[in-house]
Amino acid sequence: MGRIVLDIEIELDFYMCAISCHHMDYRLCWNLNKYLGLIMKKQEDYSIKIKGGEHDFYSKYTFTNEIKRIDFTLISNKGKKSFLIKEHPYFDYFLIVEGYTPEETKTQIITQVQNIPEVLMGMELDPNSLPSKVNLLFD
């Protein structure tokens with residue numbers, strides 16, 4: 001009997017800001033909280049399985065705006081053994097915004113991120129264009 005292959009196309013529905021910053025995750029989180037008016041808090045590290053059956057861990061901070069129904073997640077791109085998004089090893093962090101986010105708000109977020117002195121670069125990324133987008137499926 002032949003082998004059947006199931007091909008599933010994943011569609012991610014969130015806004016993603018890629019950030020290049022040489023500071024530690026907690027310091028970037030503090031600055032994002034200050035500049036964006038958030039209250040992100042450290043969560044359990046995000047874990048994915050990598051080659052050889054091992055796991056790698058990525059620092060993760062979250063905040064939920066209950067009034068606007070928007071979730072913010074800051075996740076590091078660099079684990080101890082690999083990158084979360086291998087196509088973009090030059091980005092250190094990703095800020096993921098889930099919920100209704102109008103274009104004006106997206107522009108404000110990018111501008112405020114770019115205005116943080118410790119941030120070297122901040123730009124929008126389309127998560128659906130990433131080959132390793134499956135790594136962005138959080139619990």
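Is Lys106 buried or exposed? Select Lys106 and keep that question in mind while you get your bearings; the model you have open is a predicted one.

**The whole chain**

Start with a cartoon view. You should be able to pick out two helices and eight strands. Walking from the N terminus, the order of elements is β-α-β-β-β-β-β-β-α-β. The chain has a radius of gyration of 16 Å, close to the 14 Å from the globule rule for 139 residues, so it is as compact as a globular protein of that length. Turn the C-alpha trace along its principal axes and you will find spans of about 60 × 30 × 25 Å.

Next, switch on a surface. The accessible area of the chain is about 8,800 Å², with 53% of it belonging to carbon and sulfur atoms. Of the 139 residues, 45% are buried. If you draw a contact map, look away from the diagonal: among contacts between residues at least 6 apart in sequence, 59% link residues at least 24 apart.

**Stop 1: Lys106 in helix H2**

Now back to the opening question. Select residues 103-114, which make up helix H2, and find Lys106 within that helix. Lys106 is buried: its relative accessible area is 18%, and the cut-off for buried is under 20%. Show the residues around Lys106, leaving aside neighbours within four places in sequence, and its contacts are Tyr15 and Thr101.

**Stop 2: from helix H1 to the loop before S8**

Select helix H1, residues 25-36, and highlight Arg27 inside it. Then add Glu118 to the selection. Which kind of interaction joins the side chains of Glu118 and Arg27? The two meet in a salt bridge, with an N to O distance of 3.5 Å. Glu118 sits in the loop between H2 and S8 while Arg27 belongs to helix H1, so this pair ties together parts that are 91 residues apart in sequence. Measure C-alpha to C-alpha in your viewer and Arg27 and Glu118 should come out 9.0 Å apart.

The two partners fall into separate burial classes. Glu118 is buried, at 19% relative accessible area, whereas Arg27 is partly exposed, at 38%.

**Stop 3: Asp45 and its surroundings**

Move on to the loop between strand S2 (41-42) and strand S3 (46-49), where you will find Asp45. Show Lys42 as well: Lys42 and Asp45 form a salt bridge, and their closest N and O atoms are 2.7 Å apart. Lys42 is partly exposed, with a relative accessible area of 42%, and Asp45 is partly exposed too, at 35%.

Which residues does Asp45 touch beyond its neighbours within four places in sequence? Select Phe57, Tyr58, Ser59 and Lys60 to see these contacts. You can also draw a line from Asp45 to Ser76: they are 31 residues apart along the chain, and their C-alpha atoms are separated by 9.5 Å.

**Stop 4: Lys78 and Asp92**

In total there are five salt bridges to find. For another one, select Asp92 and Lys78, whose side chains meet at 2.8 Å, N to O. Both residues are in the loop between strand S6 (70-76) and strand S7 (93-98), so the pair ties together parts that are 14 residues apart in sequence. Colour them by accessibility and you will see that Asp92 counts as buried at 8%, while Lys78 is partly exposed at 42%.

**Stop 5: the cysteines**

How many disulfides does the structure hold? Zero. Select Cys17 to check: the nearest cysteine sulfur belongs to Cys21 and is 12 Å away. Cys17 is buried, with a relative accessible area of 0%. Cys21 is in no disulfide either, and its nearest cysteine sulfur, on Cys29, is 11 Å away. Cys21 is buried as well, at 2%.

**Last stop: a nonpolar patch**

Finish on the surface. Select Tyr90, Leu120, Met121 and Met123, which form a nonpolar patch with about 390 Å² of accessible area together. Zoom in on Met121, which lies in strand S8, residues 121-125. Is Met121 fully buried or partly exposed? Met121 is partly exposed, with 37% relative accessible area.

Definitions and conventions. Residues are numbered from 1 along each chain as its sequence is written. This is a predicted model: local features need pLDDT of at least 70, side-chain atom pairs count only at pLDDT 80 or more; totals for chains, interfaces and linings use all residues. Side-chain values use heavy atoms; hydrogens and water are left out. Patches are made of residues with over 30% relative accessible area and no salt bridge: like charges are joined within 9 Å, nonpolar side chains (Val, Leu, Ile, Met, Phe, Trp, Tyr) within 5 Å. Accessible areas come from the Shrake-Rupley method with a 1.4 Å probe; for residues, only the protein chains shown count as cover. A salt bridge is a side-chain nitrogen of Lys or Arg within 4 Å of a carboxyl oxygen of Asp or Glu. Helices (H or I, at least four residues) and strands (E, at least two) are DSSP runs, numbered from the N terminus. Buried means under 20% relative accessible area, exposed over 50%, partly exposed in between (1.4 Å probe, protein chains only). The radius of gyration is taken over C-alpha atoms; the globule rule is 2.2 Å times the number of residues to the power 0.38. Contact means heavy atoms within 4.5 Å. A disulfide is a pair of cysteine sulfur atoms within 2.5 Å.
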